[in-house]
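Reader: Hey, got a minute to walk me through this one? I'd like to just poke around and ask things as they come up.

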Amino acid sequence: MTTFKTLDDLPADLSGKVALVRVDLNLPMRDGSATDVTRVEAAKPTILELCDRGAKVLLLAHFGRPKGQRHSTMSTSFVQDDVEEVLGKELMFISEVSGPVVAQSIGILGNGDVGLLDNVRFWPGEEANDADFAAGMAEHADFYVNDAFSAAHRAHASTEAIARLLPAYAGRAMEAELKALDAALGSPETPVAAVVGGAKVSTKLDVLENLVGKVQHLIIGGGMANTFLAARGADVGKSLCEHDLVDKANAIMDAADHAGCTVHLPYDVMVATEFAADPESLRTSNVHEVAADEMILDIGPQATEALADVLKTCKTLVWNGPLGAFETSPFDQATVSLARTAAALTKEGSLVSIAGGGDTVAALNVAGVADDFTYVSTAGGAFLEWMEGKPLPGVEALKNAAKA
């Protein structure tokens, strides 16, 4: 893996040094409080470690999409109480991200104290990746730490330009994410299996095209599997299916054949005439016996068992997307069953399992196995772009800083 610097590369004593730390505080809110503080929990080890080592820590984050203008409802002050509760520390709120207000605030902060800067997206220079705006933020800091992998796919001033102006380091959450992703597709133990699900092929084309050259087993589920089944000549009835992408599906399967990658599609499926919880019309069907008025809503039990056998032959698993319409019972059965197989193999030490994406995390929580996977990424867009094989500007900036 291309090297990047971490907190281990900083001096043990950071007393009096100013750390500018990019974190993800874009929390879901209801009635003035965060409904999920997972992102703060992820950044907590980095923040507290820097505090313990004597640094003055400035938290840099975005909140919502203010599009370069101040909006009173999108100030990071709205999440201050939630961040304080997770950290167990009081924060100083700072209404700017650069200039004399920041300089004065740094003078007031003691060693080991934390300041919360306002929403970096209030300034148009952020999303423009403006070098002058980045220089203003960097002016009063001694070093920069990026602990927000979820924003690493954005070439913004707080994720990319600033890493060229200050000594730049990966925070603990960023470090763990990058190491996990490298273990999954960078330099993995083989054979590697990838589970890719979701509603539409069109949203995962780049992912599939990248993976067929990197994995030995490609397991396709969700509504997107129907398009591949149609490409193989199956009549999928009134299932969700992008018939206009059948040729693209065939091209992906051809590319997989040339790359030595086996594409796994279900040969039995759960079907019903209506998409509802526990429908009376529910039945298991061979993929070539789906009626015209039926829709495929999950992978069948025999196919699920066969996929479990595939995972037992693999050393590495990358998972993005559910196998069926998992939000509605009983169409979560294949996802839950295969997730539990992966978790059991991980616990016994025979499989490295990396999962990511909002629906995937929700599905693993439904299965009760999120904590048993090797690593579960909550990064969303950044995780998907990584699966597509795209360079992530925030990560590339850390790598380039390490070379400098």
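Author: Sure. Keep in mind that this is a predicted model. One spot to begin with is Gly 88, which comes after helix α2 and has a positive phi, near 70 degrees.

Reader: OK, and the helix before it: how many of the eight residues of α2 are buried?

Author: Six of the eight, so α2, covering residues 80–87, is largely enclosed by the rest of the structure. The buried ones are Gln 80, Asp 82, Val 83, Glu 84, Val 86 and Leu 87.

Reader: What do those buried residues of α2 pack against?

Author: Quite a list: the strands β2, β3 (33–34), β4 (56–60), β5 (91–94) and β6 (114–117), plus helix α1 (38–52).

Reader: Is there another helix like that to look at? Which residues of α8 are buried?

Author: Nine of the nine residues in α8, which spans 223–231, are buried. They are Gly 223, Met 224, Ala 225, Asn 226, Thr 227, Phe 228, Leu 229, Ala 230 and Ala 231. Their packing partners are β9 (192–196), α7 (205–211), β10 (217–220), α9 (246–259) and β14 (295–299).

Reader: And what follows α8?

Author: A glycine with positive phi again: Gly 233, near 95 degrees.

Reader: Switching topic. Which residues does UniProt list under "binding site"?

Author: The record, an unreviewed entry, gives Asp 24, Leu 25, Asn 26, Arg 39, His 62, Phe 63, Gly 64, Arg 65, Arg 121 and Arg 154.

Reader: Let's take Asp 24. Where is it found?

Author: Asp 24 is in the loop that runs between β1 (18–22) and β2 (29–30).

Reader: Buried or exposed, that Asp 24?

Author: Asp 24 counts as buried because its relative accessibility is 8%, and the cut-off for buried is under 20%.

Reader: What is Asp 24 in contact with, apart from its sequence neighbours?

Author: Once neighbours within four places are set aside, Asp 24 has contacts with Arg 39, Val 40, His 62, Ala 148 and Ser 150. Arg 39 and His 62 are also among the positions in the UniProt "binding site" feature.

Reader: Tell me about Arg 39, then. What do the side chains of Arg 39 and Asp 24 form?

Author: A salt bridge, 3.3 Å from N to O. The pair links distant parts of the chain, with Arg 39 in helix α1 and Asp 24 in the loop between β1 and β2, 15 residues apart. Arg 39 counts as partly exposed, at 31% relative accessibility.

Reader: And Leu 25, what does it touch?

Author: Leu 25 sits in that β1 to β2 loop too, and at 2% relative accessibility it is buried. Beyond four places in sequence, Leu 25 contacts Val 40, Ala 61, His 62, Phe 63, Val 79, Val 83 and Leu 116. Val 83 in that list is one of the buried residues of α2.

Reader: Back to salt bridges. How many are there?

Author: The count comes to 15. One of them joins Lys 179 to Glu 175, at 2.9 Å from N to O. Both lie in helix α6 (residues 172–186), four residues apart, about one turn of the helix.

Reader: Why would that spacing suit a pair?

Author: An α-helix has 3.6 residues a turn, so residues three or four places apart point the same way.

Reader: Are Lys 179 and Glu 175 buried or exposed?

Author: Lys 179 counts as partly exposed at 46% relative accessibility, while Glu 175 is buried at 9%. Those two also belong to a salt-bridge network with Asp 8, Glu 49, Arg 53 and Arg 172.

Reader: Last topic: what are the domains?

Author: Domain 1 is 7–172 + 392–403, and domain 2 is 188–373. Their C-alpha centres lie 38 Å apart.

Reader: Which residues touch the most other members in the largest nonpolar core?

Author: Phe 149 and Leu 218, out of 83 residues in that core. The core draws at least three residues from each of the two domains. There's also a second, separate core of 29 residues, with Val 21, Leu 27, Leu 59 and Val 145 among them.

Reader: What does Leu 218 touch?

Author: Not counting residues up to four places away, Leu 218 touches Ala 194, Val 196, Leu 208, Leu 211, Val 212, Cys 261, Thr 262, Val 263 and His 264.

Conventions. Residues are numbered from 1 along each chain as its sequence is written. This is a predicted model: local features need pLDDT of at least 70, side-chain atom pairs count only at pLDDT 80 or more; totals for chains, interfaces and linings use all residues. Side-chain values use heavy atoms; hydrogens and water are left out. UniProt positions are given in the numbering used here, feature names are shortened, and annotations may be inferred rather than shown by experiment. Helices (H or I, at least four residues) and strands (E, at least two) are DSSP runs, numbered from the N terminus. Buried means under 20% relative accessible area, exposed over 50%, partly exposed in between (1.4 Å probe, protein chains only). Contact means heavy atoms within 4.5 Å. A nonpolar core is a set of buried Ala, Val, Leu, Ile, Met, Phe, Trp, Tyr and Cys residues joined through side-chain atoms within 4.5 Å. Domain bounds come from an automatic or database domain assignment. A salt bridge is a side-chain nitrogen of Lys or Arg within 4 Å of a carboxyl oxygen of Asp or Glu.
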